[in-house]
Amino acid sequence: MSDAITADDAPAAPPAPPAPPTPMKPLAGTALVLGTLSLSLATFMNVLDSSIANVSLPAIAGDLGVSPNQGTWVITSFGVANAISVPLTGWLTQRFGAVRLFTMSVLLFVLTSWLCGFAMSLEMLIACRVLQGLVAGPMIPLSQTLLLSSYPPSKAGTALALWGMTTLVAPVVGPLLGGWITDNVSWPWIFYINVPVGLIAAGLTWSIYRKRETVIRKLPIDSVGLALLVLWVAALQVMLDKGKEESWFESEMIVILGVIALVGFAVFVVWELTDKHPVVDLRLFGRRNFLFGVVTLSIAYGLFFGNVVLLPLWLQQYMGYTATTAGMALAPVGILAILMSPIVGKNVSRVDPRWMGSLAFIGFALVLWMRSNFTTQTDFASIMVPTILQGAAMALFFIPLTTIALSGLTPDRMPAAAGLSNFVRITAGAMGTSIATTLWESRAALHHAHMTERLAVGDPVTTDMLAKLAAAGLSPEQGLIQVNRLIDQQAFTRAADDIFLGSAVLFLCLITMIWLTKRPARVGAPADAGGAH
């Protein structure tokens, strides 16, 4: 098998930590089912919390007596703290053990969620969201690592399938659930619902995995690397979250944040590559499959997430949808994703995952091309068709690319690899959101200008329209406002179509990056598809 990954594929790595005396055997029966359930619940709760608060911001801001712009710090604070803690997963795991760290993260997440719902002021809510983001960081990478260790090598794809479903479906379910809770109960309950779910997940995880603890090593603290990580990641996240609001680089604050992020990142990379005990193992990018697998996965996720955010914005702001109905238009994405993920997971070690990833990108391109034909007259059913088809692309997207990225890695490097890959993916998602929404407004302004070029005094069409509006009882000023609203609706719809079409083209271009990787070894070869055993 000439195209399988070999040991020569990567540069020499630093000395690996000592392996456990005996390798952990896969779980079976009830323990496997409950273990998978507990890890999936924790992952779903974590990912859901990153998006569920978005649609509740107006209610939160109004209840706490602050402006909507101030309320956005509820989202920003969680994102910044989470982005800082995710890449620390590998180092923290070696210090405290994977099972202990995961269980404590879930319990602390439950506590901070309760405190968020109990917050009586914006300052208290932001502080609790920072704590919530910090403790949430290790949960997603470690759930992936523990799940892979629970299955035999031949079932690694199935484990990734189950994990991937929760990661991709939760951001879509979040706005729907958040909107329903806010409209029918009250916004604190978007945080309170984490309490029973988290307690169940933590209890099941500890009861099943406590005897499967990983090796603990008392490593020195890389305080310089940690400080640099906090500095550049915090600057980057705040820049991405506040950039559009501050007109990007027209703002002195955004320029300063950009310089801090760039310089801090450069110094951080140099330091981590030369330190004996780095807080983040950047040498993982020396592996060909990890490098191109993570980069491809992250760019694709940024495109995917940017469009996931853009579609409900367009539906709510210019198509008259409520938060709940917009969520309903997106909810069917989970149907094919849930049905197909187990099939993809079962076959990812038999079929070349590069072909699966390529098919996923073609599917995303088709879906986005269909959306690029949306108009202001597009009905609910037509909006749901590409949404349903997108579920199939999601199933073929996440599992194969994660398999490629983690292939050939030894178990001791898996937590660090999972943490680093998830950090890059989450950061790419934040970038995708900022870029998509910024381009949307920019293109809308361009289309608006083109459509208003002929709306001058004396233009027959304009005069006729204003006359009809006047006959309907509108004053000249009201008539002009109505005309401008209709033009805005068309401009933002065309701008959304532009983003959808551009994203479709980029997905097709990304296919070439998949083929820069090597095919993971088939089941039964020295290196398994998931690299987990």
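The largest cavity in this structure has a volume of about 70 Å³. The model is a predicted one, and that cavity belongs to a set of five cavities of 30 Å³ or more. Let's start inside it and work outwards.

Ten names are worth highlighting in your viewer here: the largest cavity is lined by Gln144, Trp163, Leu297, Phe398, Thr402, Ala405, Leu406, Ser421, Asn422 and Arg425. Helix 18 and helix 19 (414-451) are the elements that give two or more residues to this lining. Of the contributors, helix 18 gives the most, with four residues. As for chemistry, the lining of the largest cavity divides into five nonpolar residues, four polar ones and one charged.

Since helix 18 has come up, let's follow it to a packing partner. Two packed helices are described by the angle between their axes and by the distance between those axes. Helix 17 (residues 353-371) packs with helix 18 (residues 380-406) at an angle of about 150°, and their axes are 8 Å apart. Angles over 145 degrees count as roughly antiparallel, so helix 17 is roughly antiparallel to helix 18. The crossing of helix 17 past helix 18 is left-handed.

Which residues of helix 17 and helix 18 meet? On the helix 17 side they are Pro353, Arg354, Met356, Gly357, Leu359, Ala360, Phe361, Gly363, Phe364, Val367, Met370 and Arg371. Helix 18 answers with Val385, Pro386, Thr387, Leu389, Gln390, Ala393, Met394, Leu396, Phe397, Pro400, Leu401 and Ile404. Sorted by class, this contact has 18 nonpolar, four polar and two charged residues.

Helix 19, the other element named at the largest cavity, leads us on to a pocket. The second largest pocket has a volume of about 750 Å³. Its lining consists of 34 residues, and those nearest the centre of the pocket are Ile299, Val424, Thr427, Ala428 and Met431. Which helix supplies the largest share of the lining of the second largest pocket? That is helix 19, with 10 residues. Helix 12 (223-242), helix 13 (252-274), helix 14 (288-318) and helix 21 (476-514), along with helix 19, each supply at least two residues of this lining.

If you are thinking about the chemistry of the second largest pocket, its lining has 25 nonpolar and nine polar residues, with no charged ones. The lining of the largest cavity, for its part, includes one charged residue.

Methods: Residues numbered from 1 in each chain as written. Predicted model: local features only at pLDDT ≥ 70, side-chain atom pairs only at ≥ 80, totals over all residues. Heavy atoms only, no water. Axes fitted to C-alpha atoms, helices over the stretch in contact; angles between N-to-C directions. Parallel < 35°, antiparallel > 145°, perpendicular 65-115°, else oblique. Left-handed = near helix turned anticlockwise from the far one by under 90°. Contact = heavy atoms within 4.5 Å. Nonpolar A, V, L, I, M, F, W, Y, C, P; charged D, E, K, R; others polar. 1 Å grid on protein atoms, 1.4 Å probe; cavity = no way out; pocket = protein on both sides within 12 Å on 5 of 7 lines; lining within 4 Å. Points joined across faces, edges and corners; volume = space filled by probe spheres on them.
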